[in-house]
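Trainee: I should like to go through the reasoning behind the terms used for this structure. May I ask for the grounds of each in turn?

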Amino acid sequence: MLALLLLIRTGVVAHTWVAHRADLAEMRQAIAMIERGARMLVVRPEVGTGLRLAPQRHRVFHHAAQLASLPTLAVIEKSAFVSTLYALPGQQPLVLKPPFDRLGGQGDVGLPTLDDLKQAMTASSEHAPDQRIQRWQEDFDHVLLLYGYGPGAADLVQGLPLRPLLDGASVDLFRIVRN
């Protein structure tokens, strides 16, 4: 019985691992679309909204756990700043210097949502929902939505100064439009 359970569990993990190649390919496609040295803000969908549209393999495990670290490939491939870069003091050898220290470095802890971006646009500085995204339009060049809403994600950014670049199955990439 134990051997059977081990075999089943190994099969599930192997299947997820192989299927994850599509996510990696899509993330590399998104990274290829950003320019060298760009600054990318990683956001997540509202709880429950993106989850129901995510591929089945993502629903088996925790909602965004598998993709949260993938955007950091842009650090290596494009010398980009990514808000999900892990730079927790005492845990990683990376130290973020100003002005980047206030923009990220906490990994996937507390990823903002598209609604948070809308609130930050209308909130005064003392009432901003998250100080890291208070001036997101000036601080970042791109917004990467993990576990996108599927085809038609561009409709969900109505009212935000974002131009869709990639409407994928696992990620959506937007360019921030500045006045």
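The following exchange takes up a helix, a sheet, a residue and a cavity.

Mentor: Please keep in mind that the model is predicted.

Trainee: How do you know that the length of helix α1 agrees with its number of residues?

Mentor: Helix α1 covers residues 2-32, and at 1.5 Å a residue its 31 residues should span 45 Å. The C-alpha atoms at its ends are 45 Å apart, so the two values agree.

Trainee: Which residues of α1 are called buried, and what makes them so?

Mentor: They are T16, A19, H20, D23, E26, M27, A30 and I31. Buried means under 20% relative accessible area, so each of these residues falls under that cut-off. As to placement, α1 lies across β3, β4 and β5, at about 10 degrees to β5.

Trainee: What is the order of the strands in the sheet?

Mentor: The sheet is open and has five strands in the order β2-β1-β3-β5-β4, with mixed pairing.

Trainee: Why are β2 and β4 said to stand at the edges?

Mentor: Strands β2 (81-82) and β4 (162-167) each have a single partner strand, so one side of each is left without a neighbour in the sheet.

Trainee: What makes β1 a partner of both β3 and β2?

Mentor: Pairing requires at least two bridges. Four bridges join β1 (residues 39-43) to β3 (residues 142-146), and two bridges join β1 to β2, so both pairs meet the criterion. The strands run parallel in the pair with β3 and in the pair with β2. Towards β3, L41 stands opposite V143 and V43 opposite L145; towards β2, R39 stands opposite F81.

Trainee: Why is β1 called mostly covered?

Mentor: Four of its five residues are buried.

Trainee: Why is L165 called partly exposed?

Mentor: L165, in strand β4, has a relative accessible area of 26%. Partly exposed lies between the cut-offs of 20% and 50%, so the term applies to L165.

Trainee: Which residues does L165 touch, leaving aside those up to four places away in sequence?

Mentor: L165 touches M33, H142, L173, F174 and R175. Contact means heavy atoms within 4.5 Å, so each of these residues satisfies that limit with L165.

Trainee: How many cavities of 30 Å³ or more does a search of the whole structure find?

Mentor: The search finds one. About 50 Å³ of space lies in the largest cavity. Eleven residues line this cavity, and L41, V42, S83, P112 and R132 lie nearest its centre.

How values were computed: Residues are numbered from 1 along each chain as its sequence is written. This is a predicted model: local features need pLDDT of at least 70, side-chain atom pairs count only at pLDDT 80 or more; totals for chains, interfaces and linings use all residues. Side-chain values use heavy atoms; hydrogens and water are left out. The expected span of a helix is 1.5 Å times one less than its number of residues. Buried means under 20% relative accessible area, exposed over 50%, partly exposed in between (1.4 Å probe, protein chains only). Axes are lines fitted to C-alpha atoms, for helices over the stretch in contact, and angles run from 0 to 180 degrees between N-to-C directions. On a 1 Å grid over the protein atoms alone, a cavity is a set of points where a 1.4 Å probe fits but cannot get out, and a pocket is an open set with protein on both sides within 12 Å along at least five of seven lines; lining residues have an atom within 4 Å of a point. Grid points are joined across faces, edges and corners, and a volume is the space filled by probe spheres set on the points.
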